[in-house]
Amino acid sequence: MNREGLKEVLRNMNEGYKEMREEFEDKTDYVLDTSGTNCPLPIIKTKKELNTMKIGETLKMISTDPGAVSDIKSLCESLKQGLEKTIEENNKFVFIIRKTT
């Protein structure tokens, strides 16, 4: 594959990623941004938000605390909630959680 062909493939992949990301973001019911806070605040706020949600609804939780990765996983396991996705982008951690109980 020549250089132009490779550039075209990368451009198409990037566009597909942007579309998928926009579509996914539109499907979350709630957004909780805990950026700038550290443990235990992201967990406390996430648990509080989950308590207000209905079964089947989704929460997009954003954190800048690296410890949130293991904390949110443990929280979802202990509360029996669905951690559908964990994404790291732009020095932030994004969690998609589905209320299941």
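**Backbone geometry and the surroundings of F93**

In this predicted model, N90 counts as exposed because its relative accessibility is 69%, above the 50% cut-off. N90 is placed in the loop that runs between strand 3 (82-89) and strand 4 (92-98). Its backbone is notable in one respect: the phi angle of N90 is near 50 degrees, a positive value in a residue other than glycine.

The loop between strand 3 and strand 4 also holds N91. A positive phi is found here too, at about 60 degrees, although N91 is not a glycine. N91 is exposed because its relative accessible area of 67% is over 50%.

A buried residue is found in strand 4, where F93 lies. F93 is classed as buried because its relative accessible area is 11%, under the 20% cut-off. Leaving aside neighbours within four places in sequence, F93 is in contact with a run of residues from M61 to P66, namely M61, I62, S63, T64, D65 and P66, and with V69, I87 and E88. For F93 and G67, the C-alpha to C-alpha separation is 9.8 Å, while the two residues are 26 residues apart in sequence.

A further backbone feature concerns P40. The peptide bond that leads from C39 to P40 is cis, and its omega is near 10 degrees. P40 is located in the loop between strand 1 (30-33) and helix 2 (41-52).

Technical notes:
Residues numbered from 1 in each chain as written. Predicted model: local features only at pLDDT ≥ 70, side-chain atom pairs only at ≥ 80, totals over all residues. Heavy atoms only, no water. Helix = DSSP H or I, 4+ residues; strand = E, 2+ residues; numbered from the N terminus. Buried < 20%, exposed > 50% of the residue type's maximum accessible area, 1.4 Å probe, protein only. Contact = heavy atoms within 4.5 Å.
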